[in-house]
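Good morning, and thank you for coming. Please look at the model on the screen while I take you through its parts.

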Amino acid sequence: MRILIIEDEMTMNRMLSEVLKEFGYQNDVAESLADGRYYLDIRNYDLVLLDWMLPDGDGIDLIPEIKEKRPKTAVIVVSARDDKESEIAALRAGADDYIRKPFDYEILQLRIEAKLRYGGSNIIEIEDLIINPEEEKIIYKGESIELKGKPFEVLTHLAMHKDQIVSKEQLLDAIWEEPEMVTPNVIEVAINQIRQKMDKPLGITTIETVRRRGYRFCFPQKA
Ligand code: CA
């Protein structure tokens, strides 16, 4: 489970990040709308915690964009605006929930859990291939495939950006916590694992190498 925190107040976003980590959620912190858009572009989130008043605009303006790109990603607006009209405006804009500041962290956790439980999922289904990012599961023709960790995340990321060429740098940024700490050949290793553990035994091709540019998800292969 990965959560994006968009909150410009430093003490608050650090605290949120720490607490969410304790609850077992991976998370990223964005401090502005622009920052938030950057992360939303490169990573897949199960949930976004969205502050309203940000240095470069209103958080709620981002909700339609999130929902258009990733309908299954839940959005919880967290705001100091405590009037009914604001809450209604956020929900009308497409927010799944609204939490007023100051809030209790335990209640926040329960609200997040509830959204993740009922908010649907970002399951990718392409013909006979089903990729379930939340449970880290791949099913092909009813059979479960053993592919975990980074190779799984690489596959998921490419599948989400189907038909696009994704560079190694983009993959590193999207998947590795500290991209600067690893060498780009970790991507090759991951791709190789996908081919060995999944493509080869199943007799399919899911990822093609595009010389000097990166990789592309290419399942199902056109005849
Ligand atoms: Ca703010």
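Which domains does the domain assignment of the protein give? There are two entries: domain 1 covers 2–118, and domain 2 covers 124–217. Please keep in mind throughout that this is a predicted model.

Let me begin with how the two domains meet. Their centres, taken over C-alpha atoms, are separated by 27 Å. At the boundary, 9 residues of domain 1 are in contact with 11 residues of domain 2. Between them, domain 1 and domain 2 bury about 760 Å², and 30% of that area is on carbon and sulfur atoms. On the side of domain 1, the residues that lose the most area to domain 2 are I42, R43 and N44, which together account for 49% of what that side buries.

I turn now to strand β6, which spans residues 74–79. Is β6 enclosed or open to the outside? Of its 6 residues, 6 are buried, so β6 is largely enclosed by the rest of the structure. If you follow the side chains along β6, A74, I76 and V78 point one way, while V75, V77 and S79 point the other way, and all of them are buried.

Which strands pair with β6? One of them is β3, residues 47–51, which runs parallel to β6 and is joined to it by 5 bridges. Within this pair, L50 stands opposite V77 in β6. Another is β7, residues 97–100, which pairs with β6 in the parallel sense over 4 bridges. Here we can name two partners: I76 is bridged to D97 in β7, and S79 is bridged to R100 in β7.

The chain passes from β6 to β7 by way of a helix. That helix is α4, residues 84–92, and β6, α4 and β7 make a right-handed β-α-β unit. R92 is found in α4. With a relative accessible area of 74%, R92 is above the 50% cut-off and therefore counts as exposed. For a sense of distance, R92 and E146 are 54 residues apart in sequence and 42 Å apart in space, C-alpha to C-alpha.

The next topic is the calcium ion. Which protein atoms are its donors? They are the OD of D8, the OD of D51 and the O of M53, and they lie 2.2 to 2.3 Å from the ion. Written as a spacing in sequence, the donor residues read D-x42-D-x1-M. Two of these residues can be set side by side by their accessibility: D51 is buried, with a relative accessible area of 6%, whereas M53 is partly exposed, at 43%.

Some features of the backbone also deserve attention. The peptide bond from K101 to P102 is cis, with omega near -5°, and P102 lies in the loop between β7 and α5. A second cis peptide bond runs from F219 to P220, again with omega near -5°. P220 is placed in the segment after β13.

Where do we find positive phi values in residues other than glycine? One such residue is E136, with phi near 50°. E136 sits in the loop between β9 and β10, and at 26% relative accessibility it counts as partly exposed. Another is K141, with phi near 45°. K141 belongs to the loop between β10 and β11, and at 59% relative accessibility it counts as exposed.

Let me add one further loop residue, D61, which lies between β5 and α3. D61 is partly exposed, with a relative accessible area of 49%. Between D61 and Q26 there are 24 Å in space, C-alpha to C-alpha, and the two are 35 residues apart in sequence.

I shall finish with helix α7, residues 168–175. Which of its residues are buried? They are L171, L172, A174 and I175. These buried residues pack against three other helices and two strands, namely α2, α6 and α8 together with β1 and β13.

Thank you for your attention; I would be glad to take questions.

Key. Residues are numbered from 1 along each chain as its sequence is written. This is a predicted model: local features need pLDDT of at least 70, side-chain atom pairs count only at pLDDT 80 or more; totals for chains, interfaces and linings use all residues. Side-chain values use heavy atoms; hydrogens and water are left out. Two strands pair if DSSP finds at least two bridges between them. A crossover is right-handed if, with the strands pointing away from the viewer, the path from the first strand over the helix to the second runs clockwise. Donors are N, O and S atoms within 2.8 Å of the metal (3.2 Å for Na, K and Ca); water is not among the atoms, so sites may look incomplete. Buried means under 20% relative accessible area, exposed over 50%, partly exposed in between (1.4 Å probe, protein chains only). Domain bounds come from an automatic or database domain assignment. Contact means heavy atoms within 4.5 Å. Buried area is the accessible area (1.4 Å probe) that two parts lose on being put together, summed over both.
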